[in-house]
Amino acid sequence: MNFIIEILKATIPAGTPLLLGALGEIYVERSGILNLGVEGMMIMGAISAFGITTMTSNVWLGILTSAVVGGGMALVHAFNSITLKTNQTLSGLALTMLGLGLSGLIGKKYVGVPLPNKLHNFPIYGLKNIPFIGPILFDQDPLVYVSYALTFIFWFFLFNTRFGIELRSVGESPEVADSAGIDVSKIQYLAVFIGGVMAGLGGAYLSVVYAPAWIEGMTAGMGWIVLAITIFSLWRPERAIFGSYLFGGIRVLQYKLQPFGISPNLLNMLPFIFTILVLMLAAKEISRKRISAPSSLGIPYFREKLL
Amino acid sequence: MEKLLQMKGITKRFGDITANDRIDFELNKGEIHGLLGENGAGKTTLMNILYGLYTPDEGEIYINGAKVEIKSPHDAIKLGISMVHQNFKLIQSHTVIENVALGLKDTNFFYPNRQIEKEIRTFSEKYNFKIDPNVPVWQLSAGEKQRVEIIKAFCRKARIFILDEPTTMLTPNETRDLFRLLKFLREEGISVILITHKLDEVMNICDRVTVLRGGKKVGTIDIDRVDKDDLARMMFGQDIILKEREEYSISFDEDIVLEVRDLTVFSDKGLPAVKDISFDIHRGEILGIAGVSGNGQRELIEAITGLRKVARGSIKILGEDVTNVGTKEILNKGVAHIPEERMRVGVIPSMSLEENIILRSYDKSPFSNGILLDYSVISEYAKELISRYKISALDEKIPAGTLSGGNIQKLILARELSISPVLIIASHPTQGLDIRSTQQIHELLLRKKEEGCAILLVSEDLQELMDLSDRIAVMFNGTIRGIIDIDRASIEEIGSLMVGV
């Protein structure tokens, strides 16, 4: 029993960077923009949070910086894909490459440096005593609680506010939204920016809370898993929780299974094998429930077409 | 009468084409104003300018005497202008409520749905029609979708409603309901602009009418001072004589070209869309399929052309079983296909005219030697077809997507009819085309009939079906409600079969 609680308790922090990134990417894709730069924005978030925390000893300042850096990188993608209407796949990939390279360069002097300060677990009085789920859910660090709240907020705004209707409409049909007087570009810029902020936060969580350390290329494909979770969650924030913790759990299992003599190479493959499985499952569910990706995903919007 | 809106000297050019040439337009408060003209006369362009979708090159707009700048639909909506487009601006996967809520700035930020649902119910009770606010829009009929559009406009407190060809997709009953609703709106002091090319509608419901021709204004006139002939003259510039159908024979051979037996086909959603349908088409016969779109016509055609799997039943062409044998094999039996969505299915818009023309024969001599294409032969052939089918195009190298709708349709006909078909499947062949292109296409089809082709003609335009068909089959809800010989058919009877009465 304690072993299970221990694994599940470790699952949540392991899944949190994915959850943060996926919530953001869900909004981005709901607005009709595809941002493949999640990996790049995450790792830039990770290094900027780590750097600023090392310099100032203030973890929260580091986390805030990662949000600004992630959002700033996303704006480059937004400018490319919304204003210039370039190919979104290429622009996103470029962002990933840029992020991986730049973070390695900036991070040279931080390799092996210990973080002066870290976020401590903050058990919530009362709730943590609930049997079984208490220690799993409510004996975590503050950023995990923030991620719970953000999941609710992202879900609530998407389905129960005017902004949510506008965001979903822009991604389904920018023509319709435009003719209803919605500023399509503004909504898309905002969504892409939010996506960047969230990816940055996800990266920060990795380097200043989860690890806490700076290792070059430490996101190790998490940005791509975020994209898979976005599809698996059928573009619904509340479902992103399951996908993220599933992959978090797999990551925890990787460590827990090592003592049993299973080849670490095999274990390292696990998340990606699961990525393929999850995408297959999602494809099945998508066809069964007749849901689809936002109809205009990845297609640039031009208002005035020639005759 | 109070002048609500004035548009002065509106000019809009697209490249070399002047779509609107110094047009003046006026609208009074509480009137239904027809905007009449052929396709391509510039009606929709003018209204798109009023609605802020296009920016005019010249001209000014005044509302209540004050000059306004309309740069986007957002500005138009703020000025109380709403537009119901021909292709509804609705989001298919969203509910009625969400569609109405979109763009309503004065709703609550949180839970906008609750407030909107109440407004929809009030509106539908007041004007006495039914609509379920919680269903996704893709489940609604065309008439219901249009009502959603009107509710949208109403909830935005619009004072000017622009309706673009609102009756194209409607059944006769739905049209009556729409006109009733428009009269209610007029009593509320709302002004309606009705874009149309149907003279009957103008005579029926409008107070005044403005006629456009070739991008220029012909005139504005009170309805009680004109009759249909006057309006037709204004629209076309001369009296046009439509060909009488007596010129064509309505006899056909006994030989069966297409034999469909107990055919069942499923829709994309996995539901039966065509249910146990049987019919024959003979040599030299045109069989018309009437019906409101979405009653299985598309699936039927896709099954016959091999684009959709046949679940049960059989299809024979000239006695040979072609059930589920694949599109290429079916087409090679001598089947010409003029598809419904000409831009998406009929041509490859980014490829040149000549390449589009040989799409069905690129792999055969003399266009290809098996490996390489012979572009000099292709280009000669394309030039010949372009002149024979009167396609107006700069040359055969320009992309097909740059042609107008009528010319694209002629391009498709040129390609399909040049294979000397035995069977022609034509789906909405003249939808959205101007009267001249329509006539040319009708003549082509009738000539092929005289040459002995069997033709399956699916159309929503009852007049077209009455003019061309030898027999008319009415499809409703996946079944054929009866096949009527043309000399015993009436539009009223077909109309009522179409809606399942």
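**Exercise 1. Is B:His197 buried, partly exposed or exposed, and what is its relative accessible area?**

Solution. The model is a predicted one.
- Step 1: take the value. The relative accessible area of B:His197 is 32%.
- Step 2: apply the cut-offs. Buried means under 20%, exposed means over 50%, and partly exposed lies in between.
- Step 3: conclude. B:His197 is partly exposed.
- Step 4: place the residue. B:His197 sits in a loop of chain B, between strand S8 (191–196) and helix H7 (199–205).
- Step 5: look along the chain. B:Ala41 is 156 residues apart from B:His197, yet their C-alpha atoms are separated by 9.8 Å.

**Exercise 2. Classify A:Thr151 as buried or exposed, then list its contacts outside the local sequence.**

Solution.
- Step 1: locate the residue. A:Thr151 belongs to helix H6 of chain A, residues 142–160.
- Step 2: read the area. A:Thr151 has a relative accessible area of 6%.
- Step 3: compare with the limit. Buried requires under 20%, so A:Thr151 is buried.
- Step 4: drop neighbours within four places in sequence. A:Thr151 then contacts A:Leu19, A:Leu23, A:Pro237, A:Glu238 and A:Ile241.

**Exercise 3. Describe the fold content and compactness of chain A.**

Solution.
- Step 1: count the elements. Chain A has 12 helices and zero strands.
- Step 2: write the order. From the N terminus, it reads α-α-α-α-α-α-α-α-α-α-α-α.
- Step 3: test compactness. The radius of gyration is 19 Å, and the globule rule gives 19 Å for 307 residues, so chain A is as compact as a globular protein of that length.
- Step 4: add the extents. The C-alpha trace of chain A spans about 65 × 45 × 40 Å along its principal axes.
- Step 5: check burial. Of the 307 residues, 54% count as buried.
- Step 6: check contact range. Take contacts in chain A with a separation of 6 or more; residues 24 or more positions apart account for 79% of them.

**Exercise 4. Repeat the analysis for chain B.**

Solution.
- Step 1: count the elements. Chain B has 17 helices and 20 strands.
- Step 2: test compactness. Chain B has a radius of gyration of 24 Å, close to the 23 Å from the globule rule for 501 residues, so it is as compact as a globular protein of that length.
- Step 3: add the extents. The C-alpha trace of chain B spans about 65 × 45 × 45 Å along its principal axes.
- Step 4: check burial. Of the 501 residues, 55% count as buried.
- Step 5: check contact range. Among contacts in chain B between residues at least 6 apart, 67% join residues at least 24 apart.

**Exercise 5. What share of each chain's accessible surface belongs to carbon and sulfur atoms, and how far apart are the charge centres?**

Solution.
- Step 1: chain A surface. The total is about 13100 Å², with 71% from carbon and sulfur.
- Step 2: chain B surface. About 22000 Å² is exposed, and carbon and sulfur supply 48%.
- Step 3: chain A charges. The mean positions of 20 positive and 15 negative charges are 5 Å apart.
- Step 4: chain B charges. Here the sets hold 65 positive and 76 negative side chains, with centres 5 Å apart.

**Exercise 6. Which residues touch the most other members of the largest nonpolar core?**

Solution.
- Step 1: size the core. The largest nonpolar core holds 130 residues.
- Step 2: rank the members. B:Val100, B:Ile150, B:Phe161, B:Leu163, B:Leu182 and B:Leu231 touch the most others.
- Step 3: trace the main contributor. Helix H9 (residues 184–210) of chain A gives the largest share, 13 residues.
- Step 4: separate the rest. A second core of 48 residues includes B:Ile378, B:Leu403, B:Ile412 and B:Ile441.

Methods:
Residues numbered from 1 in each chain as written. Chains lettered and ligands numbered in written order. Predicted model: local features only at pLDDT ≥ 70, side-chain atom pairs only at ≥ 80, totals over all residues. Heavy atoms only, no water. Core = buried A, V, L, I, M, F, W, Y, C linked by side-chain atoms within 4.5 Å. Buried < 20%, exposed > 50% of the residue type's maximum accessible area, 1.4 Å probe, protein only. Helix = DSSP H or I, 4+ residues; strand = E, 2+ residues; numbered from the N terminus. Rg over C-alpha atoms; globule rule 2.2 N^0.38 Å. Contact = heavy atoms within 4.5 Å. Areas by Shrake-Rupley, 256 points an atom, 1.4 Å probe, with all protein chains shown as cover. Lys, Arg positive; Asp, Glu negative; His and termini not counted. Charge placed at Lys NZ, Arg CZ, Asp CG, Glu CD.
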